[in-house]
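Work through the exercises below with the sequence and the structure at hand. Try each task before reading its solution.

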Amino acid sequence: MPKYYEDKEEDGRACGGVREDLRQCLLESPCVLQENKSPKQCLKEGHCRSLQMTFFACKRSMVSVCGVFSASSLS
């Protein structure tokens, strides 16, 4: 079960739970802890890839929904 379900305050931002899981995954990864790299660098190297893809899909779905409303108002 994702960590964001466990006693977390409501983020309020879109995809907040997945964002928090991705953040925690990066901060707890050996890349950050042992190699002392930045979370951004570790993300570029492919760490926590599944959470990154989930976060991307979530954000993309939010954009897609907005695009549908914008396009329908033009007709």
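## Exercise 1: Cysteine pairing

Numbered in sequence order, the bonded cysteines of the protein pair as 1-6, 2-5, 3-4. This is a predicted model: local features need pLDDT of at least 70, side-chain atom pairs count only at pLDDT 80 or more, and totals for chains, interfaces and linings use all residues. Residues are numbered from 1 along each chain as its sequence is written, and side-chain values use heavy atoms, with hydrogens and water left out.

Task: find how many disulfides the whole structure holds, and list the partners.

Solution.

- Step 1. Apply the cut-off: a disulfide is a pair of cysteine sulfur atoms within 2.5 Å. A search of the whole structure gives 3.
- Step 2. Take Cys15. A disulfide joins Cys15 to Cys58, S to S 1.8 Å.
- Step 3. Take Cys25. Its partner is Cys48, S to S 2.0 Å.
- Step 4. Take Cys31. Its partner is Cys42, S to S 2.0 Å.

A reminder on chemistry: a disulfide is a covalent bond between the sulfur atoms of two cysteines.

## Exercise 2: Helices and what the bridges tie

Task: state how many helices and strands the protein has, then place each bridge on them.

Solution.

- Step 1. Count the elements. There are 4 helices and 0 strands. Helices (H or I, at least four residues) and strands (E, at least two) are DSSP runs, numbered from the N terminus.
- Step 2. Read the order. From the N terminus on, the elements run α-α-α-α.
- Step 3. Place the link of Cys15 to Cys58. Cys15 lies in the segment before α1 and Cys58 in helix α4 (residues 49–74), so this pair ties together parts 43 residues apart in sequence.
- Step 4. Place the link of Cys25 to Cys48. Cys25 is in helix α1, and Cys48 is in the loop between α3 (39–44) and α4; these distant parts of the chain are 23 residues apart.
- Step 5. Place the link of Cys31 to Cys42. Cys31 lies in helix α2 and Cys42 in helix α3, so the pair ties together parts 11 residues apart in sequence.

## Exercise 3: Handedness and burial of the cysteines

Task: is the disulfide of Cys15 and Cys58 left-handed or right-handed? Do likewise for the link of Cys25 and Cys48, and for that of Cys31 and Cys42. Then sort the cysteines by exposure.

Solution.

- Step 1. The torsion about the S-S bond of Cys15 and Cys58 is about -95°, so this disulfide is left-handed.
- Step 2. The link of Cys25 and Cys48 has -95° about its S-S bond and is left-handed.
- Step 3. The link of Cys31 and Cys42 has -90° and is left-handed.
- Step 4. Set the classes: buried means under 20% relative accessible area, exposed over 50%, partly exposed in between (1.4 Å probe, protein chains only).
- Step 5. Cys15 is buried at 11%, whereas Cys58 is partly exposed at 21%.
- Step 6. Cys25 is partly exposed at 27%. Cys48 is buried at 13%.
- Step 7. Cys31, at 1%, is buried. Cys42, at 0%, is buried too.

## Exercise 4: The nonpolar core

Task: which residues form the largest nonpolar core, and which element gives the largest share?

Solution.

- Step 1. Define the set: a nonpolar core is made of buried Ala, Val, Leu, Ile, Met, Phe, Trp, Tyr and Cys residues joined through side-chain atoms within 4.5 Å.
- Step 2. List the members. The largest core has 9 residues: Cys15, Val18, Leu22, Leu26, Cys31, Val32, Cys42, Cys48 and Phe55.
- Step 3. Assign them. The elements giving two or more residues to this core are α1 and α2. The largest share, 3 residues, comes from α1.
- Step 4. Look around Cys48. Neighbours within four places aside, Cys48 is in contact (heavy atoms within 4.5 Å) with Leu22, Cys25 and Leu26.
- Step 5. Set this beside the whole chain. Of the 75 residues, 16% count as buried.

## Exercise 5: Loop residues

Task: which residues other than glycine have a positive phi near 55°? Where does each lie?

Solution.

- Step 1. Recall the background: most residues other than glycine have a negative phi.
- Step 2. Asn36 has a positive phi of about 55°. Asn36 sits in the loop between α2 and α3 and is exposed, at 65%.
- Step 3. Cys48 also has a positive phi, near 55°. Its place is the loop between α3 and α4.
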